[in-house]
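Biologist: I'd like a close look at one part of this model, the nonpolar core. Start with whatever I need to find my way around, and then work outwards from it.

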Amino acid sequence: MREMISLEEARALVCGAVEPTEVERVGLLDAVGRVAAADLASDINVAPFAHSAMDGFALRAAEIASAAEETPVCLRVIGEIGAGDVFEGSIGEGECVRIMTGACLPADADAVVKYEIVGVEEGDGKTGSLVSFTAPAKVGANVRAAGEEARAGEVVVRAGEVISAAGVGFLAGCGVLEVPVRRRPRVAVIATGSELVPPSEVPGPGKIRNSNSFAMAACAQRAGAVPHILPIVEDTFEALRDAVAAAARDYDFVVTTGGAANGDFDFIKPVVAELGELKMTTVNMRPGKAQTFGIVNGTPVFGLPGNPAAAYVGFEMLIRPALRTMQGYTFMNHPTVRARLTADEKNRDPRRIFLRGTLTRATDGTFEVTPSRNQSSGLFGPIQKTNCMAIMPEGTEPQPAGSMVDCILLDVPEEVCL
Ligand SMILES: Nc1nc2c(c(=O)[nH]1)N[C@H]1C(S)=C(S)[C@@H](COP(=O)(O)OP(=O)(O)OC[C@H]3O[C@@H](n4cnc5c(N)ncnc54)[C@H](O)[C@@H]3O)O[C@H]1N2
Ligand code: MOO
């Protein structure tokens, strides 16, 4: 095992070490945002029948082929059909049928003319009236064909597609009410640290609230997994070993925070090494250098650093892709855009730096990014106030204002008005 690896190597290692969860069938609504695990086919033609796209008059286009302003063509209205009705009669020469949007096109008709451009010569436009047309209509005008969206038996969503909200509607129309998807991974979240108390308590001397477990659980939820916050573990080898061993038996993925460095009370590395196989310990990024990963009892175990921002970056950059891999997603990472730095950035490091920052649109439509003043790896607060992470490549010189940098979009793409 090499000591320090690149983020790309780390991501490949972690994603390569996880297995897809088994397939379960979920109700259609629960499939939104998830990946279809099998091809899905329609049971009927969609639309099931040719129907009108407009409120108007159904006719044979040939009847009004000669229609013009000076030489209108008049047709007799012989019936009316609303959506849900079927016109059983036949349309003879010189005749048409009043039709509503969504109604089944009469068998004899091949076009619909919307009623805004139809004159009423006699009557009220309903059955028995005489209506006039001043322009021809194309065959198929304002007609939605049967099977336009799907044919009976046709695969409408392929295995591997992410089902969108509109896709849920599409599948409902195709009669697909249950969708096979990969089960959401169950993620154990364990905070280690003798200084930690649950957030429900006011910390006493030397103690702090366990905020990491909540953030990591929220990240897991956002990644499509089901998080379980387990009890805080004190800083002893035995306590952490027992907690990790139990969690590796009961969950699909184990996340710990803290105790990932080389301090006197940092035990995640020796624990993973003793219980299973340690695969990495450090990644070339800042914050979040100390990233432990290994396999215990066939279960991936990820030891995030204790510093909140470092844990967050580690989760989003390394654990989220793994949890998505387990669910069958092919796109693992947050979207990235290029943006102009609004201020000089003096931070430099042999490691790749992820600066928490705010991405905005400039008046010319391009992106600008302003890194937060406080880049402490010990804080969640600045991340709550930002919407991206600006990437300073490893080993770079200070970046002057105006430099173009990659920015990873976090939770709030709408607010960046994409
Ligand atoms: N001699 C060195 N010391 C440290 C180095 C180093 O390179 N040499 N790196 C620092 C960096 S950077 C990080 S990150 C941490 C990572 O180490 P640990 O994973 O062992 O982190 P801890 O010591 O356990 O905790 C660090 C910090 O975070 C607070 N913390 C821990 N857990 C939680 C939690 N659940 N909720 C909120 N806050 C938490 C903890 O109290 C510490 O203040 O090592 C540095 N040291
Ligand atoms: O590994 Mo530490 O993350 O730079 O905060």
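Modeller: I'll begin with the overall layout, go into the core, and finish with the ligands and some local details.

This is a predicted model, so to speak of local features I need pLDDT of at least 70, side-chain atom pairs count only at pLDDT 80 or more, and totals for chains, interfaces and linings use all residues. Residues are numbered from 1 along each chain as its sequence is written, while chains are lettered from A and ligands numbered from 1 in the order in which they are written.

The chain has 7 helices and 27 strands; these are DSSP runs, H or I of at least four residues for a helix and E of at least two for a strand, numbered from the N terminus. Its C-alpha trace spans about 95 × 50 × 40 Å along the principal axes. The radius of gyration is 31 Å, against near 22 Å for a compact globule of 418 residues (taken over C-alpha atoms, with the globule rule being 2.2 Å times the number of residues to the power 0.38). The domain assignment gives domain 1 (4–22 + 183–326), domain 2 (24–43 + 157–182), domain 3 (51–144) and domain 4 (336–416), with bounds that come from an automatic or database assignment. The C-alpha centres of domain 2 and domain 4 are 37 Å apart.

Two more numbers before we go inside. Of the 418 residues, 41% count as buried, where buried needs 20 or more other C-beta atoms within 10 Å of a residue's own, exposed means 12 or fewer, and partly exposed is in between, with C-beta atoms placed from the backbone. Of the contacts with a separation of 6 or more, 72% join residues 24 or more positions apart; a contact means C-beta atoms, placed from the backbone, within 7 Å.

Now the core itself. A nonpolar core here is a set of buried Ala, Val, Leu, Ile, Met, Phe, Trp, Tyr and Cys residues joined through C-beta atoms within 7 Å. The largest one holds 71 residues, and Val244, Val254 and Val255 have the most contacts inside it. Helix α6 is the top contributor to this core, giving 12 residues. Both domain 1 (4–22 + 183–326) and domain 4 (336–416) supply residues, so the core lies between them. Take Val244: outside its neighbours within four places in sequence, it is in contact with Val254, Thr256, Val271, Leu275, Val296 and Val301. A separate core has 24 residues, including Ala58, Ile81, Val112 and Val113.

On to ligand 1. Asn212, Gly258, Ala260, Ala261 and Gly306 come nearest among the 25 residues around it, a residue being near when its C-beta atom, placed from the backbone, lies within 6 Å. The elements that give two or more residues to that shell are α3 (212–222) and α6 (308–326). The shell divides into 9 nonpolar, 13 polar and 3 charged residues; Ala, Val, Leu, Ile, Met, Phe, Trp, Tyr, Cys and Pro count as nonpolar, Asp, Glu, Lys and Arg as charged, and the others, Gly among them, as polar.

Ligand 2 has Arg286, Pro287, Gly288, Lys289, Ala290, Pro305, Asn307, Ala310 and Ser377 around it, which split into 4 nonpolar, 3 polar and 2 charged. In that list, Pro287 deserves a second look: the peptide bond from Arg286 to Pro287 is cis, with omega near 0 degrees. Pro287 is in the loop between β20 (285–286) and β21 (290–296). At the other end of β21, Asn297 is in the loop between β21 and β22 (299–304), and its phi is positive, near 55 degrees. Most residues other than glycine have a negative phi, and most peptide bonds are trans.

There is another cis bond, from Val46 to Ala47, with omega near -5 degrees. Ala47 lies in the loop between β3 (40–41) and β4 (51–52), and Phe49 is found in the loop between β3 and β4 too. Phe49 touches Cys104 and Ala146, leaving out residues up to four places away in sequence.

Last, in domain 4 territory, Ile391 sits in strand β26 (residues 388–392). Beyond four places in sequence, Ile391 is in contact with Arg352, Phe354, Val405, Asp406 and Ile408.

Conventions. Two residues are in contact if their C-beta atoms, placed from the backbone, lie within 7 Å.
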